[in-house]
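Here are my comments on the entry you asked me to look through, set out as numbered points. Please read them beside the sequence and the coordinates.

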Amino acid sequence: MGKLDESVLQEFLNIVGPNHALQEPDLTASYTTDWTGRFVGRSPMVLRPADTFQIAALVKVAAHAGISIVPQGGNTGLVGGSVPLNQEIVISTLRLDQCEPVDGLAQQVTAGAGTTLAKAQSHASEQGFDIGVDLAARGSCTIGGMIATNAGGINVVRYGAMRDQVLGLEAVLSDGSIISHLEGLEKDNTGYSFPGLLAGSEGTLGIITKARLRLHPQLSERCSAMIALNTVDDAVAATAQLRRTLPSLHAVEVIFGETMHLVSDHIKASIPVGPEARAWLLVEVAATNDPTDELANSIALLETLPIDVAVGIEPAARNNLWQYREKITEAIATRGTPHKLDVTLSASRLAEFVNGVPHLISRIDSRATALMFGHLGDGNVHVNILGEQGTEPSEEVDRAVLHYAAELGGSISAEHGIGSAKKEFLHLNRSESELAAFRAIKASLDPKGILNPNVLLPPKSS
């Protein structure tokens, strides 16, 4: 990496101003540690540009000096993807938080990369629309970061992941040049798709500065249900049935055994239904007309699968059910520093995986604990592993779980990306030919390798 000498430092200061070029450790600390506290780095400088042109100017200086950059949004990732692990400078997009007026005719909006999801949701809601992706971290995660990691969240079963919401992008490439294609045309076959390329690229190909997002009509009529089930297999079967019979299905979340008891203790509230269950589905339906009867009829078709059901129609009742899902990450954090292994399985192998993980882990570390939950509608399981008394588990546990997911035909990363935590395992899902293509794309768009150099791509095998 190049040297951040006085002349380079002064160029950075001239671009963003002294108030937005942070150097003191107490000012940079929140930018150099991830949400879990597991990944901690250091940066000689955190830069907070005000717009795309300032980012372009900063990147030009960095590229000329050979200084590596870690782009960062809300820093809510869980795999070390936005942390400067090797003294890189950080370019934060948080000041790029403007939303342009909603285009009601096209059902689209253009938002700055630093716009939080909550702000974008509020902005769209004022005109009767919703953003297609929703996350528990909505108050801090940003649109740019969500695109860079192809975030999923709770509504993938209805709208798809973040990549499916992006109709146009503006970004700064590694030489400081700007690409901008924000017209938002639903049909545009004029060559390569930059949204498709940069979504999921984790800041390795460019720094996203703006995005044109597809919006969805706001569905004001909602109903939620918590369904307690005896087994993981029953939960998978019930989900498949609900997906077939519920046109208004908006979300299907799952909470497994020990995780439900942990969050119940954390929020100091008893489990609403079936405290003896092994799995709980949290189902939400949404429509323009009251979907309660539709949900009730679909649950009735589950026949003997449910142990018990709790239904929430009013917002307070729905929020009461949803807190058991949205407080999970917070509850797990009170127990220690987990290793978060976010994977996807096909419906046919999901129960096998969930049932097999505790036995797999215990063979390696009898004192490690697996806390699992996820988005069952799309096969995404969040596997959180804690070592003895909340310590970090051994890397061998991570290795075994990710290998197991891949052996069952699953993905080692459903959300959050590969980051630095999983890049050594990328070969489990990607062939050597695919990895070679990845490296070729990276080398073409970032020939000096200055953009987020610690993530995604493993070193080339000799």
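**Notes on salt bridges and one sheet**

1. E352 and R349 both belong to helix α13 (residues 347-364), where they lie 3 residues apart, about one turn of the helix. Their side chains meet in a salt bridge with an N to O distance of 2.9 Å. Please keep in mind throughout that this is a predicted model. Neither partner of this pair is classed as buried, because E352 has a relative accessible area of 38% and is partly exposed, and because R349, at 29%, is likewise partly exposed.

2. How many salt bridges does the structure hold? The total is 20, and one of them joins E284 to R318, with the closest N and O atoms 3.5 Å apart. This pair links distant parts of the chain, since E284 sits in strand β12 (residues 279-287) and R318 in helix α11 (residues 315-326), with their positions 34 residues apart in numbering.

3. Are the two partners of that link buried or exposed? E284 has a relative accessible area of 6% and is buried; R318 has 15% and therefore also counts as buried, given that the cut-off for this class is under 20%.

4. A further salt bridge is formed by R430 and E434, whose closest N and O atoms are 2.9 Å apart. Here R430 is partly exposed, with a relative accessible area of 35%, and E434 is partly exposed as well, at 30%. Elsewhere, R38, E392, E395 and D398 are joined into one network by salt bridges that share partners.

5. Turning to the strands, I would draw attention to an open sheet of 4 strands, which has the order β1-β2-β4-β3 and mixed pairing. Which strands stand at the edges of this sheet? They are β1 (21-22) and β3 (69-72), and because each has a single partner strand, one side of each is left without a neighbour in the sheet.

6. The partner of the edge strand β3 can be described in some detail, for β3 and strand β4 (residues 89-92) run parallel and are joined by 4 bridges. Within this pairing, I69 has I89 of β4 as its bridge partner. Helix α3 (residues 52-65) packs on the sheet and touches β2 (46-47), β3 and β4, while the direction of the helix makes about 165° with that of β4.

Key:
Residues are numbered from 1 along each chain as its sequence is written. This is a predicted model: local features need pLDDT of at least 70, side-chain atom pairs count only at pLDDT 80 or more; totals for chains, interfaces and linings use all residues. Side-chain values use heavy atoms; hydrogens and water are left out. A salt bridge is a side-chain nitrogen of Lys or Arg within 4 Å of a carboxyl oxygen of Asp or Glu. Helices (H or I, at least four residues) and strands (E, at least two) are DSSP runs, numbered from the N terminus. Buried means under 20% relative accessible area, exposed over 50%, partly exposed in between (1.4 Å probe, protein chains only). Two strands pair if DSSP finds at least two bridges between them. Contact means heavy atoms within 4.5 Å. Axes are lines fitted to C-alpha atoms, for helices over the stretch in contact, and angles run from 0 to 180 degrees between N-to-C directions.
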